Structures are given as C-alpha cells and as structure tokens.
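Thanks for coming. I will go through one model today, starting with a single residue and then widening out to the pockets and the chain as a whole.

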Amino acid sequence: MQEKLNVQTERHNFIGKSKAMEHVFSMIERVKDIDSNVLITGESGTGKEVVARAIHKMGKRKHGPLEIVNCAAIPEALLESELFGYEKGAFTGATQKKPGKWAAANGGTLFLDEISEMPLALQAKILRVIQEREVTPLGSNQKIPLDVRIVSATNKQLEQLVAEGTFREDLYFRLNVIPISLPPLRERQEDLLLLLDYFLQKYAREMDKGIKKLSAAARRLLLAYDYPGNVRQLGNIIEYAMALSSSDIITEEDLPEYIQHHTQSAALPISSHAQEFTDSIPVGVSMKEIEKRAIAAALDHCGWHRQETARMLQISERSLRDKIKLYNLKSVQEE
C-alpha cells in the first residue's frame, strides 16, 4: 500500500492530488532548469523549503551546492557575516577566515528563507550583490564572482511590507521574478485523507509499530480542524498520537488536547481577555498599551498556541516571541 500511495500521490516530497498542488508541481517542472529568481509564498508549515529543495534537486544545478539561510533564525548582528563571509580580523571575534553563504552557493542555489525578516540596511547590500553578481567578504577587498540562483520564501505579504517601507521595492522586484504560491492545508481538503494515511504509515514505520488506524471520532476531529500550522502541524499531531496510542486504534483521547477541544471551543464566545479588548478603548491609551492588549487577547483566544496567534495577528512567530518578552505577557498557568 505504501508503494501505491507514493506512486499515485507523492511528487517532489509532497503528498497531494488537489488542483492547487498540481499547479505547484507544474511550476516546479517549468522553472527548475532556468536561472530566474523564484519567490515562494505561503503560510508557515506549507512546505516552502520543500519546494526550494525540489527546484534545486530536479534542475540543472542539482550537482551544485544548495545553501540555506533562515533570515528569521539568525541574529541580525550575525546575518551579514553569515551571508558575506569574512576575513580573519575583520571584527572582534573573527579569529579565522570564514566563507559566506553567497560564495558557498557558487554554481548552485541560495535559499533565503523568511526573507521578510531581512533587516532593511542589509537589503541594500543584498540588492547590490544580485545586481553586480559578485560579493566582497567583510574585511576584504577581493570581489568573488558569483553564479548563484536565488530562491526566496516568506509567509508574509511582501507587497504590504513594501507599502509600509520595511522592505525595499527594488529588491522585491528582483526576487519576485517567478512567484510560486503554496496553498494552506485548509484549502486542500481533498489531500487531507491522503496526508493522514501517509503520516500514519510514516510514523508507524519510524517507531517500529504496526500500522494503526484512526477511530471514527478521531478522524472526524482531524478532518474538522483547520491546521494553522498546516502540513507540518498535521505531521506533529500524528507523531504525537502514534507515540501515545497503546492499542491498534488511535482514538480521540490519543490526540493533543487542543484538537480534542477544538470543535467545542470554536463554538464558544471569545475569551474574557478578547472580550475586554473589544470593549471601547479609553481615550489617551498609548499605542504600546493597545498593542499589548491586542496580543494578550489573541494569545488568550488561541489558548497560547503561538503559531496560531502569530497567524491571527499576521506577524512572524519570532516577532510574537519578542512582543511576549517585551510586554512580559504570561499565560494563566505561568502566573
């Protein structure tokens, strides 16, 4: 059955046969052998890195390197040196020469994940490298010629960031030569059953357990959930259930609590924090206080599920973490 599932539904490490995914597969095939820059958009967990890897692996640059930089995971102070590299003594702590990701990707592909988190000052330097097709490591006068294809990804609307002045318009146009948009899982209902079966088989094999089935109640809960974390979240849910299940059938009690209570909580009125925020805001309240209340209300409403809260607020998870720390917000359990 596993072979049958893979042959019929798995392409480029994606599981799916929906029209939305067929379009993504078609785009990968059409762009894999050209050098135009690609911008992959989609919510967190939809598989943007999988698309980037497929474009590289299936295309003419497959024998070259694939270098990946997560612009949201690397501290701003280190991101420039990570990309450009540096000479020994270029700055305090530079005890030896280190090549940057630009040079390391020569002859291959550079994947800039979460490009929306790129600091504005660094965006200008990135643009210059793209235009001149050469890079100069920090502390060096030597320019390194580049033959690199750039694939970028973001879970934000870059057009909005351009309008807000936090992302350079000229860089946006340079990166967004060929856009590929990944659909969220809630818009791929016809793929959900396939993905459930795939993850059940995957984790049964990895945990050396017999293939388990879902009870009717567990299946109903999983089909009714909207998956703000998309395919990545679905995989985590099945891994959790597979690990905890002690019988041949995964029941609703084996699922994470937030899945068990989702249908019930979705029908309830918004929480006290959210209701408090929706009341009239007193005159004279600062914007910082309004932001603090909005974030607290969203966190409370989402049960402190940070990924879902970030999606609701349309900010990155890193930004949400920073705001929680800035405003010293705590859940009821932490208080």
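**A buried arginine, two pockets and some weak stretches**

R188 sits in the loop between β11 and α9. This is a predicted model, and I will come to its confidence scores later. Is R188 buried or exposed? With a relative accessibility of 2%, R188 is buried, because the cut-off for that class is under 20%. Leaving out residues up to four places away in sequence, R188 has contacts with I15, G16, S18, M21, P183, L195 and V231.

Next, the pockets. The largest one has a volume of about 1,100 Å³. Its lining counts 41 residues, and N155, K156, Q157, Q314 and I315 are the closest to the centre. Which elements each supply at least two residues of that lining? They are β3 (38-41), α7 (158-164), β11 (178-181), α15 (287-301), α16 (306-313) and α17 (317-326). By residue class, the lining of the largest pocket has 15 nonpolar, 15 polar and eleven charged residues.

The second largest pocket holds about 690 Å³ of space. It has 28 lining residues, and those nearest the centre are G45, T46, G47, K48 and R232. At least two lining residues each come from β2 (14-15), α3 (48-58), α9 (189-206), α11 (230-244) and α17. Which of these elements gives the largest share? That is α9, with four residues. The lining of the second largest pocket divides into nine nonpolar, nine polar and ten charged residues. Note that α17 appears in the element lists of the largest pocket and of the second largest pocket.

Now two backbone angles. Most residues other than glycine have a negative phi. D208 is not a glycine, yet its phi is positive, at about 55°. D208 belongs to the loop between α9 and β12 (213-214). D208 counts as exposed because its relative accessibility is 71%, and the cut-off for exposed is over 50%.

Y227 also has a positive phi, near 50°, and is likewise a residue other than glycine. Its place is in the loop between α10 (216-224) and α11. Y227 has a relative accessible area of 1%, so it is buried. To put the two together: D208 is exposed, whereas Y227 is buried.

On to the chain. It has 335 residues, 45% of them buried. There are 17 helices and 13 strands. Taking contacts with a separation of 6 or more, 73% are between residues 24 or more positions apart. The accessible surface is about 17,900 Å², and carbon and sulfur atoms account for 50% of that.

Last, confidence. Mean pLDDT for the chain is 86, and 87% of the residues score at least 70. Which element has the lowest mean pLDDT, and which the highest? Helix α1 (residues 2-9) is lowest, with a mean of 40, and β3 is highest, with 98. Recall that β3 is one of the elements lining the largest pocket.

Two stretches need a caveat. Over residues 1-9 the pLDDT stays under 50, and the model gives them eleven contacts beyond four places in sequence. Residues 265-278 also have a pLDDT below 50, with 15 contacts beyond near neighbours in sequence.

That is what I have. Questions are welcome.

Terms used. Residues are numbered from 1 along each chain as its sequence is written. This is a predicted model: local features need pLDDT of at least 70, side-chain atom pairs count only at pLDDT 80 or more; totals for chains, interfaces and linings use all residues. Side-chain values use heavy atoms; hydrogens and water are left out. On a 1 Å grid over the protein atoms alone, a cavity is a set of points where a 1.4 Å probe fits but cannot get out, and a pocket is an open set with protein on both sides within 12 Å along at least five of seven lines; lining residues have an atom within 4 Å of a point. Grid points are joined across faces, edges and corners, and a volume is the space filled by probe spheres set on the points. Ala, Val, Leu, Ile, Met, Phe, Trp, Tyr, Cys and Pro count as nonpolar, Asp, Glu, Lys and Arg as charged, and the others, Gly among them, as polar. pLDDT is the predictor's confidence in each residue, from 0 to 100. Contact means heavy atoms within 4.5 Å. Buried means under 20% relative accessible area, exposed over 50%, partly exposed in between (1.4 Å probe, protein chains only). Accessible areas come from the Shrake-Rupley method with a 1.4 Å probe; for residues, only the protein chains shown count as cover.
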